Amino acid sequence: MAKIISVTNQKGGVGKTTTAINLSTYLVKMGKKVLIVDLDTQGNATTGLGVKRSLLNHCIYDVLVNQSKVDQVLLATAVEGLFIVPSTIELAGAEVELVNLEQREYQLKNALKEVENKFDYIILDCPPSLGIITINALCASNSVIIPLQCEYYALEGLTALLNTLTLVQRRYNKDLKIEGILLTMYDSHTSLSHQVSGEVINYFKNQVFKTIIPRNVRLSEAPSYGKAILHYDPSCKGANAYHSLAKEIIANE
Ligand SMILES: Nc1ncnc2c1ncn2[C@@H]1O[C@H](COP(=O)(O)OP(=O)(O)OP(=O)(O)O)[C@@H](O)[C@H]1O
Ligand SMILES: [Mg+2]
């Protein structure tokens, strides 16, 4: 049975997709079979793994709204052992269409049941919102990774996110856990990064991953080549950090 992990934070640009792609590829490198589900209309996980969105006939929208089988929508990526349920711009309609469905919170959970025994991990790349798509992800998940950017406004919105997690735990998914808070884009040259990470660790203690993701330009270049960092520059600091994160996640098993 796969462990299902949401990478979530309604704040935009904090490193959700970068984490979903690179954590997944290192899990694969460590022998795991992994499925990424792109739940964002922006489709950054899809394109970041080299999948051409314009050529797709089906996407996660069909799974959420038209009850398509995950098996029929998932694609192999260039990385052996890594599969993706892609997203296209069509997903934009899902928020509205899901509203009328019964069991709308459980569409993704029900769909993933059919592939759960084929993967070790299913990583859900959430959009920057707390709407029904993110609720679907949280209902389907065993745990969440919350990336936090080491910047001044890092903690802004965190209360809303934690409240949403509590609500989902109470109403839909009592077993949902926090896998960890992940500090991202850490810049060792600034005292701000140091200060923010210090405060987060002080407050959330062992809920924070030991691995801290550094700000590393190689991580931001890789998606434009449709590659994960493992295949773009496996020796850079960012690559080492995501490798270490994958080890922490496996150690949590
Ligand atoms: N550790 C890092 N060092 C340098 N750049 C990074 C790092 N992590 C992410 N980036 C870059 O920052 C931008 C935002 O990252 P990413 O797309 O992963 O965030 P996101 O939370 O998924 O954003 P969104 O909320 O829009 O989905 C991207 O251009 C990405 O390449
Ligand atoms: Mg993203």
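Which helices each supply at least two residues of the shell around ligand 1? In this predicted model, they are helix H1 (16–29) and helix H10 (217–221).

## Ligand shell

H1 gives the most to the shell around ligand 1, contributing three residues. The shell holds 20 residues. Those that come nearest to the ligand are Lys16, Thr17, Thr18, Pro128 and Ser220.

By class, eleven of the shell residues are polar. Six are nonpolar and three are charged.

## The sheet

Seven strands form an open sheet with mixed pairing. Their order is S3-S4-S2-S5-S1-S6-S7. Strand S3 (75–76) and strand S7 (177–184) stand at the edges. Each has a single partner strand, so one side of each is left without a neighbour in the sheet.

At the S7 edge, the partner is strand S6 (residues 143–149), joined to S7 by seven bridges. The two strands run parallel. Within this pairing, Ser143 lies opposite Lys177 of S7.

## Strand S5 and its partners

Strand S5 (residues 121–125) is mostly covered, with five of its five residues buried. Its side chains split by direction: Tyr121, Ile123 and Asp125 point one way, Ile122 and Leu124 the other way. Residues pointing either way are buried.

S5 pairs with strand S1 (residues 3–7) in the parallel sense, over five bridges. Here Lys3 has Tyr121 as its bridge partner in S5. Strand S2 (residues 34–38) also runs parallel to S5, again with five bridges. In that pairing Asp38 stands opposite Asp125. Tyr121 and Asp125, the S5 residues named in these pairings, point the same way from the strand.

## Helix H12

Helix H12 (residues 237–251) has 15 residues. At 1.5 Å a residue it should span 21 Å, and its end C-alpha atoms are 21 Å apart, so the expected and modelled spans agree.

Which residues of H12 are buried? They are Gly238, Ala239, Ala241, Tyr242, Leu245, Ala246 and Ile249. These cover an arc of only 160° around the axis, which puts them on the same side of H12. What covers them includes H1, S7, H10 and helix H11 (229–232).

## Shared elements

Some elements appear in more than one part of this account. H1 and H10 each supply at least two residues of the ligand shell, and both are among the elements that cover the buried residues of H12. S7 stands at an edge of the sheet and also helps cover those H12 residues.

Note on methods. Residues numbered from 1 in each chain as written. Chains lettered and ligands numbered in written order. Predicted model: local features only at pLDDT ≥ 70, side-chain atom pairs only at ≥ 80, totals over all residues. Near = placed C-beta within 6 Å. Helix = DSSP H or I, 4+ residues; strand = E, 2+ residues; numbered from the N terminus. Nonpolar A, V, L, I, M, F, W, Y, C, P; charged D, E, K, R; others polar. Pairing = 2+ DSSP bridges. Expected span 1.5 Å × (residues − 1). Buried ≥ 20, exposed ≤ 12 C-beta atoms within 10 Å, placed from the backbone. Arc of directions from axis to C-beta. Contact = placed C-beta atoms within 7 Å.
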